[in-house]
Amino acid sequence: MTYEVGELHLHTLLPAIARAEDELARLDEAVRHSGVGEGFIERGHFFDAAASMWVSGELVHIADLVLHDARMDIRAPTHELTIAHAILRSRRRIAGAQPGWALSEAGVSSLAGSAAIKPEPDPVPIHPKGEGAFDVEDDDPLSREFAHIDAIINRSQRVLDGIAHGSMPSPSERPSLIVSDLVIRDPDWDERERMGQWRAVLKETASLPATLAGAILFDAWETIEPLQRQHPLGGQLVAAHLRARGKIASHLPGFHVGLKAIPRERRRAHGRMTRLLAFLDAMSAVAEAGMKEIVRLGQAREQMERKARGRRSSSSLPVVIDLVLSRPIVSASMIAKAAEITPRGALNLIAELGVREATGRGRYRAWGIL
């Protein structure tokens, strides 16, 4: 499906554009100069990942996402939780990379985990010692295991092809086999062509204001649907676009948090102008929520630091304070691991700080700045 930018009724869009530009600029300045900026950024990744699933019609609890990220699940992770964690990791990769990396062909391909959108996929090298054929940049042990499985699949396929044809094919004669190719896909869904159409919209909106261009890019992503199994990536790429344009330089905004405040009738309206206004209002909503969150975190930090004054230099309270500020919730096990103390000691520290308990359960307890 081709997306036409067409004529824009700027007299209708200008108030929402100006409001979004101002709110995002204020938020960017506040995060840059706030003492709780790093905690706000890390918490924002969790909230946007959960909000992205909510907008898609799936419910993922923040507590489950935090514990799954810390590898301290209290139950078997669901499929929705796994997707939310993938969104969380993608946001961290985008935020830690150069501003324009996520919008490049290599960046989108890496984030999507698919070679279908690469113009010319590189051949898979054969390691002489039989090691994995993929270089994994992520520190996640699970990713390394998947990469090792991918390498085994490639080597096995080459052996089978050699037996069938009487010779071993070279790496350049056969494209790489990736796990995503084993998943059932629509053969008529040309991801490369659709991504080309979305990139054409990206170039066409380069001269427009950053917020308006972001709204159009998000609407184009929802309309074209470039990727079959990575649809939530669109919101992250729009956030990366605003970061690359310099509208927000301090962090990666979480627009799905703002979209939660917009009625579905506006987000999914038939008229494009209504959808563009809805996304511009979502930008303003997430900026307003972010300003309130920074104020709240700042006040909570001051209260906790008062209780940490006069402590010896080896006290673990500063570590616990940083952990509480950087996570929506924390458990005794997370505190014990971060501060390298016992779970009983973690309970004592959290009691001294007076952080509000989030669960109220006897078997599983968690605390957070609510």
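In this predicted model, threonine 205 turns up in the loop that runs between helix 7 (191–204) and helix 8 (210–224). Loop or not, threonine 205 is buried, with just 1% relative accessible area. Setting aside neighbours within four places in sequence, the residues in contact with threonine 205 are Val5, Ala213, Ile216, Leu217 and Arg245.

Next come the aromatic rings, which give three pairs in the structure. One of these brings together tryptophan 198 and tryptophan 221 in an edge-to-face arrangement, with 5.4 Å from centre to centre and 85° between the planes. That pair ties together distant parts of the chain, since tryptophan 198 belongs to helix 7 and tryptophan 221 to helix 8, 23 residues apart. Tryptophan 198 has a relative accessible area of 0% and is buried; tryptophan 221, at 0% relative accessibility, counts as buried too.

Phenylalanine 218 and phenylalanine 279 make another aromatic pair, this one stacked: the centres are 4.4 Å apart and the planes differ by 10°. Here too distant parts of the chain are linked, with phenylalanine 218 in helix 8 and phenylalanine 279 in helix 12 (residues 272–308), 61 residues apart. As for accessibility, phenylalanine 218 comes out at 12%, and because buried means under 20%, it falls in that class. Phenylalanine 279 is also buried, at 2% relative accessibility. Both of these rings belong to one aromatic cluster, made up of Phe218, Phe255 and Phe279.

A charge also gets involved with a ring: the charged end of lysine 260 sits over the ring of tryptophan 54, at 5.3 Å from the ring centre.

Then there is the backbone. Glutamate 225 is not a glycine, yet it has a positive phi of about 55°. This glutamate is placed in the loop between helix 8 and helix 9 (233–244). Its relative accessibility is 34%, so glutamate 225 counts as partly exposed. Glutamate 340 likewise shows a positive phi, near 55°, in a residue other than glycine. Glutamate 340 is in a loop as well, between helix 14 (332–339) and helix 15 (343–353). With 72% relative accessibility, glutamate 340 counts as exposed, whereas glutamate 225 is partly exposed.

Note on methods: Residues numbered from 1 in each chain as written. Predicted model: local features only at pLDDT ≥ 70, side-chain atom pairs only at ≥ 80, totals over all residues. Heavy atoms only, no water. Helix = DSSP H or I, 4+ residues; strand = E, 2+ residues; numbered from the N terminus. Buried < 20%, exposed > 50% of the residue type's maximum accessible area, 1.4 Å probe, protein only. Contact = heavy atoms within 4.5 Å. Phe/Tyr/Trp six-rings, centres within 6.5 Å; stacked < 30°, edge-to-face > 60°. Lys NZ or Arg CZ within 6 Å of the ring centre and 35° of its normal.
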